[in-house]
Amino acid sequence: MRIVLVGPPGAGKGTQAVRLAEKLRIPHISTGDLFRANISRQTELGKLAKSYMDAGNLVPDEVTIGMAKDRMEQPDAEGGFLLDGFPRNVSQAEALDRLLQEESMQLDAVLDLEVPEDEVVKRIAGRRICRNDSSHVFHVTYSPPKQEGVCDVCGGELYQRDDDSEDTVRKRLEVYHSQTEPIIDYYKAQGLVVTISSLGPVEEITQRALGALKRED
Ligand code: AP5
Ligand code: ZN
């Protein structure tokens, strides 16, 4: 399956993507995680991306589309993938369509996670992620690690993302509404959008998503 996950910052895209990718046996491709891995390795791409991310802005398309394309062309993505955080504006969606067309492939669904803005703020304020791998995600209240400050998956140190400050979150939400939300209409026109509520226990949302994608666990 080829799936795009869309939703505001803090909607639970990363949390659900890890679980759905495992159940559907497809790789989870997160452009945010790819950028963060570059930042921690201090690559040129990481240095460039950090300045945009810390301000809550999108990293320029020229950089992002190339990086996403390289990742989608890896052998593990041949049979399908779950895209998280890409595409993030209409020109990225058009670029993805062109890439898929070149390979005679198409998307199966765009899963839209809906969550009210006050919940987003609470989720982001309590989020802690792992220094070793930013797809290891916790929440101080909603999904606390067994040991405070330590990743359950790999033992790495947990920290708060630099772009999770109140001002930057406000900017990220603004960017979501102005630049990312329009891709929902773009994909509605292709009949691909399934919308689910991202409120409730994590496992329930996973089941809701699988049901919407017409896949039983
Ligand atoms: P990215 O990393 O993609 O961030 P985002 O879209 O803002 O989304 P988040 O990671 O904040 O939230 P999420 O929906 O994954 O929620 P999570 O599962 O962590 O992008 C960061 C930046 O990179 C962008 O601002 C941009 O600069 C750049 N970038 C990335 N892609 C780009 C692109 N394509 N083009 C240009 N720039 C790009 O959950 C949040 C918290 O809630 C966690 O603590 C979690 O434990 C908790 N939680 C999850 N589910 C539940 C639940 N059901 N109940 C209670 N708590 C829950
Ligand atoms: Zn970890």
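UniProt, in an unreviewed entry, lists G10, A11, G12, K13, G14, T15, R127, V137, F138 and G200 under "binding site". The model discussed here is predicted. Two of the listed residues, A11 and T15, are set out below.

| Residue | Place | Other C-beta atoms within 10 Å | Contacts beyond four places in sequence |
|---|---|---|---|
| A11 | loop between β1 and α1 (13–24) | 22 | L113, V115, V120 and S198 |
| T15 | helix α1 | 24 | V137 and V202 |

A residue counts as buried at 20 or more such atoms. A11 has 22, so A11 is buried. T15 has 24, so T15 is buried too. One contact of T15 is V137, itself on the UniProt binding-site list.

**The lid**

The unreviewed UniProt entry also annotates residues 127–163 as "domain: Adenylate kinase active site lid". Over this stretch the chain is 0% helix and 24% strand. The C-alpha atoms at its ends are 11 Å apart.

**Helix α7**

Helix α7 covers residues 166–180. Its 15 residues should span 21 Å at 1.5 Å a residue, and the end C-alpha atoms are 20 Å apart, which agrees.

Which residues of α7 are buried? They are V169, R172, Y176 and T180. Seen down the axis of α7, they fall within an arc of 55 degrees, so they line one face of the helix. An α-helix has 3.6 residues a turn, so residues three or four places apart point the same way. The cover over the buried residues of α7 includes β1 (2–6), α6 (117–126) and α8 (182–188). On the face turned away from the buried side sit the exposed residues D167, R170, E174, H177 and S178.

How values were computed. Residues numbered from 1 in each chain as written. Chains lettered and ligands numbered in written order. Predicted model: local features only at pLDDT ≥ 70, side-chain atom pairs only at ≥ 80, totals over all residues. UniProt positions renumbered as here; feature names shortened; annotations may be inferred. Helix = DSSP H or I, 4+ residues; strand = E, 2+ residues; numbered from the N terminus. Expected span 1.5 Å × (residues − 1). Buried ≥ 20, exposed ≤ 12 C-beta atoms within 10 Å, placed from the backbone. Arc of directions from axis to C-beta. Contact = placed C-beta atoms within 7 Å.
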